[in-house]
Amino acid sequence: MNIGIIGAGHIGSALAVRLTGLGHSVYIANSRGPETLQDLARKTGATPVTAQEAAWRGTDLIVVTIPLKNIPELPKDLLAGVQAGVPVIDTSNYYPMLRDGKIAELEAGSLTESEWVQQHLGRPMVKVFNNIYAHHIVEKGQPVGTPGRISLPVAGDDAAAKQKVMALVEELGFDAVDAGTLYQSWRQQPGTPAYGADMPADKLRENLTSLGTERTDAQHAEYKANHAHQEQAMGAQGVKL
């Protein structure tokens, strides 16, 4: 496949390593220009390009994996020429304390992170790769049927796009679990039990079912508080995002 990755941070770089290793053609971009990605190109085999080039060269799949605060800075027509059937993955997580500042809709819970991204980019998003550590993408993929194989939730409103993304997740060595609509992706956001937990598929499905589909005010408050504690701990450890 031809895959465009917009964002060369931890997740983008990890995906570039794995996807090129599987034989896909990967075109990767960052905010500073292709000339700053030569080391990554040598390590991964990915081709450094601009964000616009990553979008139009990703004729089979596009991944948007940049800090949430930078989404509004992307070109407004970034995905304008992308064919309708091409899935667009969003991996974003909201870190108001350490990186993103406060975003009103996410604070209130009126939108999920990926719904917010979808509004800005004007294309249906598929949410995945946000609840797994980047190095686990590189190191922990396993063959189908391996006991304890890590599962990843995949949420989105476009059924066909979601199926294509789930097939890629399986190819990478993880069990793909249908996590419902993009709105229901709140169940895999920071502060929730599935975030960073590397659950096998049966446990993940059980967890998603236990949370229900409509996020309550109490759930929003609970997971927001959990995430605040996580951010405070990360800040105390000197973690940089």
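Visitor: Which residues does M166 touch, not counting residues up to four places away in sequence?
Guide: This is a predicted model, in which local features need pLDDT of at least 70 and side-chain atom pairs count only at pLDDT 80 or more, while totals for chains, interfaces and linings use all residues. Residues are numbered from 1 along each chain as its sequence is written, and side-chain values use heavy atoms, with hydrogens and water left out. With contact taken as heavy atoms within 4.5 Å, and with residues up to four places away in sequence set aside, M166 touches V154, A176, V177 and D178.

Visitor: Does M166 count as buried or exposed?
Guide: M166 lies in helix α8 (residues 159–171), where helices (H or I, at least four residues) and strands (E, at least two) are DSSP runs, numbered from the N terminus. Buried means under 20% relative accessible area, exposed over 50%, and partly exposed in between, with a 1.4 Å probe and protein chains only. Because its relative accessibility is 11%, M166 counts as buried.

Visitor: Which elements each supply at least two residues of the largest nonpolar core?
Guide: A nonpolar core is a set of buried Ala, Val, Leu, Ile, Met, Phe, Trp, Tyr and Cys residues joined through side-chain atoms within 4.5 Å. The largest has 32 residues, among which I5, L15, F129 and V169 touch the most other members. The elements that each supply at least two of its residues are β1 (2–6), α1 (10–21), β2 (25–29), β4 (61–64), α7 (134–139), β7 (151–156) and α8.

Visitor: Which way do the residues of β4 point, and what is the bridge partner of V64 in β5?
Guide: In a regular strand the side chains alternate between the two faces of the sheet. In β4, L61 and V63 point one way and I62 and V64 the other, and all are buried. β4 pairs with β5 (residues 88–90) in the parallel sense over three bridges, a pair of strands being one for which DSSP finds at least two bridges. Within that pairing, the bridge partner of V64 is D90.

Visitor: Which strands are the edge strands of the sheet?
Guide: The sheet is open and has eight strands in the order β3-β2-β1-β4-β5-β6-β7-β8, with mixed pairing. Two of these strands each pair on one side only, and these edge strands are β3 (47–48) and β8 (175–178).

Visitor: About how much space lies in the largest pocket?
Guide: On a 1 Å grid over the protein atoms alone, a pocket is an open set of points where a 1.4 Å probe fits, with protein on both sides within 12 Å along at least five of seven lines, and lining residues have an atom within 4 Å of a point. The largest pocket is lined by 42 residues, of which G9, H10, I11, R99 and L241 lie nearest its centre. Grid points are joined across faces, edges and corners, and a volume is the space filled by probe spheres set on the points; for this pocket the space is about 1,200 Å³.

Visitor: Which element gives the largest share of the lining of the second largest pocket?
Guide: The second largest pocket has a volume of about 330 Å³, and among its 22 lining residues Y94, L106, H220, K224 and H227 lie nearest its centre. At least two lining residues come from each of α4 (96–100), α5 (104–108) and α10. The largest share, eight residues, comes from α10.
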